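Colleague: I would like a close look at one strand and what surrounds it. Please walk me through it step by step.

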Amino acid sequence: MSALSYAISDTAVVAQRNLRRIPRQPDLWVSFTIQPVIFVLLFVFVFGGAIQTPGYDDYVDFLMPGIIVQTMSFGGFVTALGLSDDLRKGLIDRFRSLPMARSAVLAGRTLADVATNMVALAVMIVVGVLVGFNFSSSPLEVVAGIGLLLLFGYAFSWVFAFIALNSNSAEGAQALGFMVIFPLTFASSAFVPPASMPSWLEAFAKANPFSTIVDATRALFVNAPAGNDVWVALLWCVGLIAVFATLSVYQYRRAVSS
Amino acid sequence: MAEAAIEARGLTKSFGDVRALDGIDLSAPAGTILGLLGPNGAGKTTAVRILTTLLPPDGGSARVAGFDVVRDAAALRAQIGLAGQYAAVDENLTGFENLEMVGRLYHLGRRPAKERSRELLERFSLTDAADRLAKTYSGGMRRRLDLAAALVARPPVLFLDEPTTGLDPRSRLQLLEMIEARVAAGTTVLLTTQTLDEADRLADRIAVIDHGRVIAEGTPDELKSRVGGERLEVTLEEYDQEPAAIDALAPLADERPKCEHGILVMPLKRKRGGIAEAVRRLDAAGVGIADIAVKRPTLDDVFIVLTGHAAEESADDELEEAVA
């Protein structure tokens, strides 16, 4: 077999291992899916009435694409916690001592985490519809939107893989992850229109890739004006994957837990 | 003799200011067990990590199974098995799934990986627990599974980093027997340990490591004779019988036995029958014996003789562990 086919089969073996673990660790993904549901209820029923969203009849139509994007980015925590756990328990050492592809542990990890993201995405869509969200685009656009969201979640798994490989503990990775994710998600178009922010923050929110992904999702789910958002969003995802997959594999090869 | 299965020359490795390895030479002929003996933080784990390609050395070179640990790292990994201090098994997989995964990552192929896993579970008495999650296993079972994982690809060279740490005596004995069986089958083993006893039982040769250097090397018997071998310790019933006891036992030792606080200590020249002879002589001299025992030299004894200090944990250790 060639190096490439080994890389593919090794990745499949690691992905299978991680998929098997998912139903055996209910605490991990239950909290990961329940937390965003609480966010939905909080924003729709507590803050929603006070937030003005020109162009939208109902705040829930504005909110859901934003909060789903945030949920996908939170999927990165599952990646980071899983890798930190493997590092702490010596499994990464075992993998590194095996004649397997150097990229397979990370690629198998992030690939399996797409499955957790799919579960979270399904829960969010159901909850969204229950609290009054309406898809007002074509089925094809909805499918494209789901694909974009999963790609974005996959990209964030790589970002968090890099964070985990550079942290000494799961707690460290989690703290660093929150420091990255909270400013990025809240200072974006996810929860409020950037036009309502002070001008310096509005400028940041408009340049923020989170806003681009959120706006692209709105375009695909509720027919919001899109401009080039969908293409720029795709580019962001591909770019994040290329950069962070390269950095993470490099880090895995040389310095992990040395 | 063929090329040594493990050969290291002048390995050095530093973590920040701490010199974990300060020029280590090691050699193990194929089919033998080399014991690395030393206290925590002596550099044993760092040496194992370098020899198993997990860590690049700062200086020096090493070949394992004929492959350079840096240049031929990828090819070398197919030739080695590693079982660590921390029993690296996936708790959320069953015993069978753990071994099958490792087998597939060694590229044994789907069906051979399954067959090999069943065979190893059987040999390590884990068949009944094969389909239980590893998190339900006892410490001894985990160690066995970890060792089985290291053996999946029948590697010619096996690295065992303190394989018995934290095991109860029975599990420890079982594990030692399994390691002996591997060597009987031709595997070369590098084993790290903190106990002289274990190194003595398993190793063909022992390298004693302290502060990143090999401070002594030889067969267990050579080392023990440097340390003074076994000692006889007799606790007397009456303090005032000390002179009588010394006179009675003096012919059995090269030097005059020492006696303090009613406890007589002397090196034991003759292993077989030494105790019986001592008891007969003491009895004939009318000396009452409260207790009599043969004491084996401990790691501390080895260190005191070789370095003049006890095998205490050095401060670097914590650092090495923190970065390791």
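Modeller: What follows goes from the whole chain to strand β8 of chain B, and then outward again.

Keep in mind that this is a predicted model. Chain B has 12 helices and 14 strands. Its C-alpha trace spans about 75 × 45 × 40 Å along its principal axes. Of the 324 residues in chain B, 43% are buried. Take the contacts in chain B between residues at least 6 apart in sequence: 68% of them join residues at least 24 apart. Chain B is divided into domain 1 (6-225) and domain 2 (230-295). The centres of these two domains of chain B, taken over C-alpha atoms, are 42 Å apart.

Now the strand. β8 of chain B covers residues 188-193. Is β8(B) mostly covered or mostly open? It is mostly covered, with six of its six residues buried. Look at the two faces of β8(B). B:T188, B:L190 and B:T192 point one way. B:V189, B:L191 and B:T193 point the other way. Both sets are buried.

Which strands pair with β8(B)? One is β3 of chain B, residues 33-37. It runs parallel to β8(B), and five bridges join the two. Find B:L37 there: it stands opposite B:T193 in β8(B). Another partner is β7 of chain B, residues 157-161. This pairing is also parallel, again over five bridges. Here B:L160 stands opposite B:L191 of β8(B). How does the chain get from β7(B) to β8(B)? It crosses through helix α6 of chain B, residues 169-184. This β-α-β crossover is right-handed.

Next, a helix beside these elements. α5 of chain B (139-151) has 13 residues. From its first C-alpha to its last it reaches 19 Å, close to the 18 Å expected at 1.5 Å a residue. α5(B) is mostly covered too, with 11 of its 13 residues buried. The buried ones include B:M141, B:L145 and B:L151. Charged residues are on that list as well, among them B:R142, B:R143, B:R144 and B:D146. What covers the buried residues of α5(B)? The cover includes β7 and α6 of chain B, which you have just met on the way to β8(B). It also includes β6 (80-83), α3 and α4 of chain B.

Two loops link up with those helices. B:H107 lies in the loop between α3 (95-105) and α4 (110-123) of chain B. Its phi is near 65 degrees, a positive value in a residue other than glycine. B:H107 is partly exposed, because 18 other C-beta atoms lie within 10 Å. B:S125 comes in the loop between α4 and α5 of chain B. Its phi is also positive, near 55 degrees, and B:S125 is not glycine either. B:S125 has 13 other C-beta atoms within 10 Å, so B:S125 counts as partly exposed.

Last, the neighbour. 20 residues of chain A are in contact with 25 residues of chain B. On the chain A side, α1 (3-21) and α4 (91-97) each supply at least two residues. α1(A) gives the most, with six residues. By class, that side of chain A has six nonpolar, five polar and nine charged residues.

Terms used
Residues are numbered from 1 along each chain as its sequence is written. Chains are lettered from A and ligands numbered from 1 in the order in which they are written. This is a predicted model: local features need pLDDT of at least 70, side-chain atom pairs count only at pLDDT 80 or more; totals for chains, interfaces and linings use all residues. Helices (H or I, at least four residues) and strands (E, at least two) are DSSP runs, numbered from the N terminus. A residue is buried if 20 or more other C-beta atoms lie within 10 Å of its own, exposed if 12 or fewer, and partly exposed in between; C-beta atoms are placed from the backbone. Two residues are in contact if their C-beta atoms, placed from the backbone, lie within 7 Å. Two strands pair if DSSP finds at least two bridges between them. A crossover is right-handed if, with the strands pointing away from the viewer, the path from the first strand over the helix to the second runs clockwise. Domain bounds come from an automatic or database domain assignment. The expected span of a helix is 1.5 Å times one less than its number of residues.
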